[in-house]
Amino acid sequence: MTTQIEFNAVEKYYGRFHALKNISLEIEKGAFVALVGPSGCGKSTLLRSLAGLEKISSGEIKIAGEKMNHMPPRKRDIAMVFQSYALYPHMSVEENLTYSLRTHGVKKKDAQAKAREVADTTGLSNLLTRYPRELSGGQRQRVAMSRAIIRDPKAFLFDEPLSNLDAALRVHMRKEIRTLHDRLGATSVYVTHDQIEAMTMADRVVLMKEGRIEQEGAPLELYDKPVNQFVAGFIGSPAMNFIPATVGEDGQSLKLDIGEGQTLPYPGRLEAGKAVTVGLRPEHLMLVSKEEAQLSLKLRIGEATGATTYLFTDSDPEVAVVVNDRTTVTPGETFHLRIDPERIHLFDRETGVRL
């Protein structure tokens, strides 16, 4: 595949604040890449640097093989979709769509024909004469996306475009954006703090923390094989449970620091006495009988949502369990769990790195 976007050792400072730290990343043509991470991790700064809205301190940014470091935003041939829609309120939908074409010298008739073509693709054909104030949030976001599409850019940049929408509409728009991406064969870079959006929409996920890339790969790669405890805790909902533990004398058991005699088997061989952190995903813990149990814990609270029940223990640390069914366990009652040893994640207690 052809590389469409390239970051080479990119650094960004705001005064003394080091916002981007040695960012190197390649994005293939036609890929959908999500930049994800907690607030302040640098994902929006990286996107704005790609767009030319921020000037990088050092390193190199390339689009379609051409160096962009000193290229102004209007010459980078990218289109950006913002959280705020950024529509012209005094213009109709059609005028919003054709504005960028008309400013680049495209004849009015040709621009209108292109607008109708794009509107067919994005489901706006019957809204072309309306003004932004007459549209719902989802319709406004479609107009913002259509305005980006009409330019046929080298890349689409999305900066948390769904943050202003309600939960049901976010799910709907996630599917719309991904469907459009596939239909257009576009290259898309999508910034979000929502790991569910990143996991469901992207071909590749780039997880950032404090200006660095912690891990980059296919969504399920980050879920199945997180490189460290930060990635393991960020990817997955509810978050992974982390329990301090010590490796037993046999090197194949994990003595959990969560009450008397709580031990899990481990399929590998580890250094006896080593201090580790055990990671257990809530959805991998299974409710079993007392005879089959590896762990026995007391319930603090249960949350039934219909098809799924969430159980939270009164232990320290708290353990979350996801049961894809209903359960009769009541607060204060002891319940019993086991997990496939192959699904246990282990991290170094000091560094947080996956073992």
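In this predicted model, the side chains of Glu54 and Lys12 meet in a salt bridge, with 3.9 Å between nitrogen and oxygen. The two partners come from distant parts of the chain, since Lys12 belongs to strand β1 while Glu54 sits in the loop between α1 and β4 (58–63), 42 residues apart. Side chains of opposite charge can pair when their charged atoms come close. Both partners count as buried, because the relative accessibility of Glu54 is 18% and that of Lys12 is 8%, and buried means under 20%. The pair also belongs to a wider arrangement, for Lys12, Arg48 and Glu54 are linked in a network of salt bridges.

The helix that precedes the loop of Glu54 deserves a look of its own. Helix α1 covers residues 43–51, and it is largely enclosed by the rest of the structure because seven of its nine residues are buried. These buried residues are Lys43, Thr45, Leu46, Leu47, Ser49, Leu50 and Ala51. After α1 comes Gly52, which has a positive phi, near 90°.

Strand β1, where Lys12 is found, offers another backbone detail. Ala9, which lies in this strand (residues 3–14), has a phi near 50°, a positive value in a residue other than glycine. With a relative accessible area of 33%, Ala9 is partly exposed. Asp152 likewise has a positive phi near 50° without being a glycine, but its setting is a loop, the one between α4 (137–149) and β7 (155–159). At 60% relative accessibility, Asp152 counts as exposed.

How many salt bridges does a search of the whole structure find? The search finds 13, and two further examples sit within helices. An α-helix has 3.6 residues a turn, so residues three or four places apart point the same way. In helix α3 (residues 108–122), Glu117 and Lys114 are three residues apart and are therefore separated by about one helical turn, and their side chains meet in a salt bridge of 4.0 Å, nitrogen to oxygen. Both are partly exposed, Glu117 with a relative accessible area of 48% and Lys114 with 28%. In helix α5 (residues 167–184), Arg178 and Asp182 are four residues apart, again about one turn of the helix, and their closest nitrogen and oxygen atoms are 2.9 Å apart in a salt bridge. Here Arg178 counts as buried at 18% relative accessibility, whereas Asp182 is partly exposed at 46%.

We can now step back to the division of the chain, which consists of domain 1 (3–234) and domain 2 (241–348). The centres of the two domains, taken over C-alpha atoms, are separated by 39 Å. Where they touch, eight residues of domain 1 are in contact with seven residues of domain 2. The size of an interface is often given as the accessible area lost when the parts come together. For these two domains the buried area is about 650 Å², and 54% of it is on carbon and sulfur atoms. On the side of domain 1, Tyr223, Gln229 and Ala232 lose the most area to domain 2, and together they account for 77% of what that side buries.

What kinds of paired interaction cross between the domains? There are zero salt bridges between domain 1 and domain 2, although two residue pairs are in polar contact. The elements that give two or more residues to the side of domain 1 touching domain 2 are α7 (219–224) and α8 (229–234), and the residues of that side divide into four nonpolar, three polar and one charged.

Beyond α8, in the loop between that helix and β11 (241–247), lies Pro238, which is joined to Ser237 by a cis peptide bond with an omega of about -5°. A cis peptide bond also joins Asp316 and Pro317, with an omega of about 5°, and Pro317 lies in the loop between β17 and β18 (320–323).

Strand β17 (residues 309–313) contains Thr309, the last residue on this path. Is Thr309 buried or exposed? At 4% relative accessibility, Thr309 counts as buried. A polar atom of its side chain lies 2.7 Å from the backbone oxygen of Asp325. Leaving aside neighbours within four places in sequence, Thr309 is in contact with Glu303, Ala304, Val321, Val322, Val323, Asp325, Arg326 and Thr327.

Key. Residues are numbered from 1 along each chain as its sequence is written. This is a predicted model: local features need pLDDT of at least 70, side-chain atom pairs count only at pLDDT 80 or more; totals for chains, interfaces and linings use all residues. Side-chain values use heavy atoms; hydrogens and water are left out. Domain bounds come from an automatic or database domain assignment. Contact means heavy atoms within 4.5 Å. Buried area is the accessible area (1.4 Å probe) that two parts lose on being put together, summed over both. A polar contact is a pair of N or O atoms within 3.5 Å; within protein, one must be able to donate a hydrogen and the other to accept it, and residues adjacent in sequence count only if both atoms are side-chain atoms. Ala, Val, Leu, Ile, Met, Phe, Trp, Tyr, Cys and Pro count as nonpolar, Asp, Glu, Lys and Arg as charged, and the others, Gly among them, as polar. Buried means under 20% relative accessible area, exposed over 50%, partly exposed in between (1.4 Å probe, protein chains only).
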